[in-house]
Amino acid sequence: MRRTVRRHLGKVVAGAAIAVTGTAVMVGITLPGSAGAEESGGKGGGLAALQQDRSVGPGVVERAPAEGATGKGDDPLTDDEVRRAERIALSGPQFAAGQNVEGGKGPQRLAVDLAEPNADELDDPDAPRRAEVTLYDYKSDALVTKTVDLRSGKAEGTGTQHGVQPPLTREENAEAARLLIADPLGAGLKADYKDATGKDLTSPGQLMLTGIVYRAVPGAQPAVLDQCGRHRCVRLLPKIPNGSWIDSRSFVIDLSARKVGRLG
C-alpha cells in the first residue's frame, strides 16, 4: 500500500500527513481509538469499572414525541411547515424561470429557517409564524431570500443579493464532485480512490463530501476561476467512507459555469 500511495501522491509528511503533488493527495487521519480501554493500571476507570457498577441500569430508548403540523411561538419549524414554505416560495413564474445547481427548473434550495418576529410582535403570543426561505438562482447568480407567512400562506417579501455565498448544500457538493470526476483534472482523485479501495470512482455517492466556498483572489488562480465569488465555486474535501481523506484543495469547481480549475 505504501508503494502504491507514493506512486500517485509523492512524499507523505509525517504528523501533518499531507503530501503536495500534482494529483489529489491522500491524507491520513488518526482517529481516537480505544487506547487505554483495556489497561489495568488506572484506578477503576474505563469500561471495566462501568461494567462492575451494578447501580447503573441499562439504557432506555424512548419514542420521540409526535410532531404536529404546525409549531407555536419560537418552536423550530416542523417538517410540514418547511415543505409548505418551500412550496410557497418556489411558486410563480419568476421562480419557475430560475435554475438549480443541476440546470433544472427553479432556484436551488439552500435553507428554510424560522424568521424573527416583527418588533411590534415580540410580546404577542398569537403572532404569526414566518419562515425565511433561502434560495440560489444559478441562472442569474443571485441569492434570493423570501419571507413566508405560514398562517396566511402568502409571501411577504423577497430580497435579492449578488456576490453573497452562504454555506453549500449536500446537493451542491455532490454536483461539484460529479463535475470533478468527469473532468480530466479529476484523474488524480480517481487514481487515489482506486489505490485505496481497488475500485473505480464513477459517482459522488462513493464519497463523503464536504465543500468550502471559494472566492477569487487577484492573481492567485487561473482565468477560468476569476469569477468565483460572483459565481458559486467550491473546494471539495472528499473522504472515502471508513477510510482516508483525499486532499483535492488545489481544485476548484465553478458550479455556475460548470467548469473545473486548478490553483497554481
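This note sets out numbered points on the fold, cores and selected side-chain arrangements of a predicted model.

1. Overall make-up. The chain contains six helices and 10 strands. Of its 264 residues, 36% are buried. The accessible surface is about 16200 Å², and carbon and sulfur atoms account for 51% of that area. Taking contacts between residues at least 6 apart in sequence, 54% connect residues at least 24 apart.

2. Main core. The largest nonpolar core comprises 23 residues, and Leu-180, Leu-236, Ile-253 and Leu-255 have the most contacts inside it. Two or more residues each are contributed by α5 (170–182), α6, β7 (233–239) and β9 (251–254). Helix α5 supplies the largest share, five residues. As a general remark, nonpolar side chains in soluble globular proteins tend to be buried together.

3. Surroundings of Leu-255. Setting aside neighbours within four places in sequence, the contacts of Leu-255 include Val-101, Tyr-138 and Leu-168. Also among them are Glu-172, Glu-175, Ala-176 and Leu-179. Arg-232, Cys-233 and Val-234 are further contacts of Leu-255.

4. Second core. Separate from the 23-residue core is a second core of 12 residues, with Ala-85, Leu-135, Val-144 and Leu-150 among its members.

5. Aromatic pair. How many aromatic pairs does a search of the whole structure find? The search returns one. The ring centres of Tyr-136 and Tyr-138 are 4.9 Å apart and the planes meet at 65°, so the pair is classed as edge-to-face. The cut-off for that class is over 60 degrees. Tyr-136 and Tyr-138 are both buried. Arg-232 is placed over the face of Tyr-136, 5.1 Å from the ring centre. Tyr-138 and Arg-232 also appear in the contact list of Leu-255.

6. Hairpin of β4 and β5. Strand β4 (residues 142–149) pairs with strand β5 (residues 154–161) in the antiparallel sense, over seven bridges. Thr-147 has Gly-157 in β5 as its bridge partner. Four residues lie between the strands of this hairpin, and Gly-153 takes a positive phi near 75°. Val-144, whose number falls within the β4 range, belongs to the second core.

7. Helix α6. Which residues of helix α6 (residues 187–197) are buried? They are Gly-188, Leu-189, Ala-191, Asp-192, Tyr-193 and Asp-195. An α-helix has 3.6 residues a turn, so residues three or four places apart point the same way. The buried set in α6 includes Gly-188, Ala-191 and Asp-195, which are spaced in that manner. Just after α6, Gly-198 has a positive phi of about 80°.

Note on methods:
Residues numbered from 1 in each chain as written. Predicted model: local features only at pLDDT ≥ 70, side-chain atom pairs only at ≥ 80, totals over all residues. Heavy atoms only, no water. Phe/Tyr/Trp six-rings, centres within 6.5 Å; stacked < 30°, edge-to-face > 60°. Buried < 20%, exposed > 50% of the residue type's maximum accessible area, 1.4 Å probe, protein only. Lys NZ or Arg CZ within 6 Å of the ring centre and 35° of its normal. Contact = heavy atoms within 4.5 Å. Areas by Shrake-Rupley, 256 points an atom, 1.4 Å probe, with all protein chains shown as cover. Pairing = 2+ DSSP bridges. Core = buried A, V, L, I, M, F, W, Y, C linked by side-chain atoms within 4.5 Å.
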